[in-house]
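Thanks for making the time this morning. I would like to take you through one structure, starting from its core and moving outwards through its helices.

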Amino acid sequence: ILDREIGQMERGQNKAVEHELDQRIVDYAFACAKYFQLRGRYDQGIAWQLDGQAAAAQLNQENNAAGLLGNLGVVYQRLGRYDEAIDH
């Protein structure tokens, strides 16, 4: 089901980035993090997490920014990029 819906999620996330809707960017980053990990779409997951983390920081949402950094650490660890995992 999610594979069929990912196109809609991508369009929504792209629109949020285009219109600088920071809270939406954070929401999409959290909503799709596990999906990208499970489907092995690590590059796209990293991009969304980085966008979400930057938006959370812009909104002074320290808790969300930290959560997204943690998600990035997990992705980098799964990719064997341990130095980057530790950094995040």
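What follows is a walk through the core, one glutamine, two helix pairs and an alanine on the outside.

First, a word on the basis: this is a predicted model, in which local features need pLDDT of at least 70 and side-chain atom pairs count only at pLDDT 80 or more, while totals for chains, interfaces and linings use all residues. Residues are numbered from 1 along each chain as its sequence is written, and side-chain values use heavy atoms, with hydrogens and water left out.

Let me begin with the largest nonpolar core, which has eight residues: Ala16, Ile25, Val26, Ala29, Ala55, Ala56, Ala65 and Leu68. By nonpolar core I mean a set of buried Ala, Val, Leu, Ile, Met, Phe, Trp, Tyr and Cys residues joined through side-chain atoms within 4.5 Å, where buried is under 20% relative accessible area, exposed is over 50% and partly exposed is in between, using a 1.4 Å probe and protein chains only. At least two residues of this core come from each of α2 (22-39), α3 (42-58) and α4 (62-78), and α2 gives the largest share, three residues. The helices here are DSSP runs (H or I, at least four residues; for strands, E, at least two), numbered from the N terminus. Apart from this core lies another, of six residues, including Ile6, Met9, Tyr35 and Trp48.

Now, what about Gln49, in helix α3: is Gln49 buried or exposed? Gln49 counts as buried, because its relative accessibility is 2%. Its side chain reaches the backbone oxygen of Ala29 at 2.7 Å, and a polar contact of 3.1 Å joins it to the side chain of Asn71. A polar contact is a pair of N or O atoms within 3.5 Å; within protein, one must be able to donate a hydrogen and the other to accept it, and residues adjacent in sequence count only if both atoms are side-chain atoms. Leaving aside neighbours within four places in sequence, Gln49 is in contact (heavy atoms within 4.5 Å) with Ala29, Ala33, Leu68, Asn71 and Leu72. The C-alpha atoms of Gln49 and Leu68 are separated by 5.9 Å, although these residues are 19 residues apart along the chain.

Turning to the helix pairs, α2 and α4 pack at an angle of about 20°, with their axes 11 Å apart. The residues that meet include Val26, Ala29 and Phe30 in α2, and Asn64, Gly67 and Leu68 in α4. Helix α1 (residues 2-18) and α3 pack at about 35°, with axes 12 Å apart, and here Met9, Glu10, Gln13 and Val17 in α1 meet Gln44, Trp48 and Asp51 in α3. Axes are lines fitted to C-alpha atoms, for helices over the stretch in contact, and angles run from 0 to 180 degrees between N-to-C directions.

Finally, Ala31 in helix α2 is exposed, with a relative accessible area of 60%.
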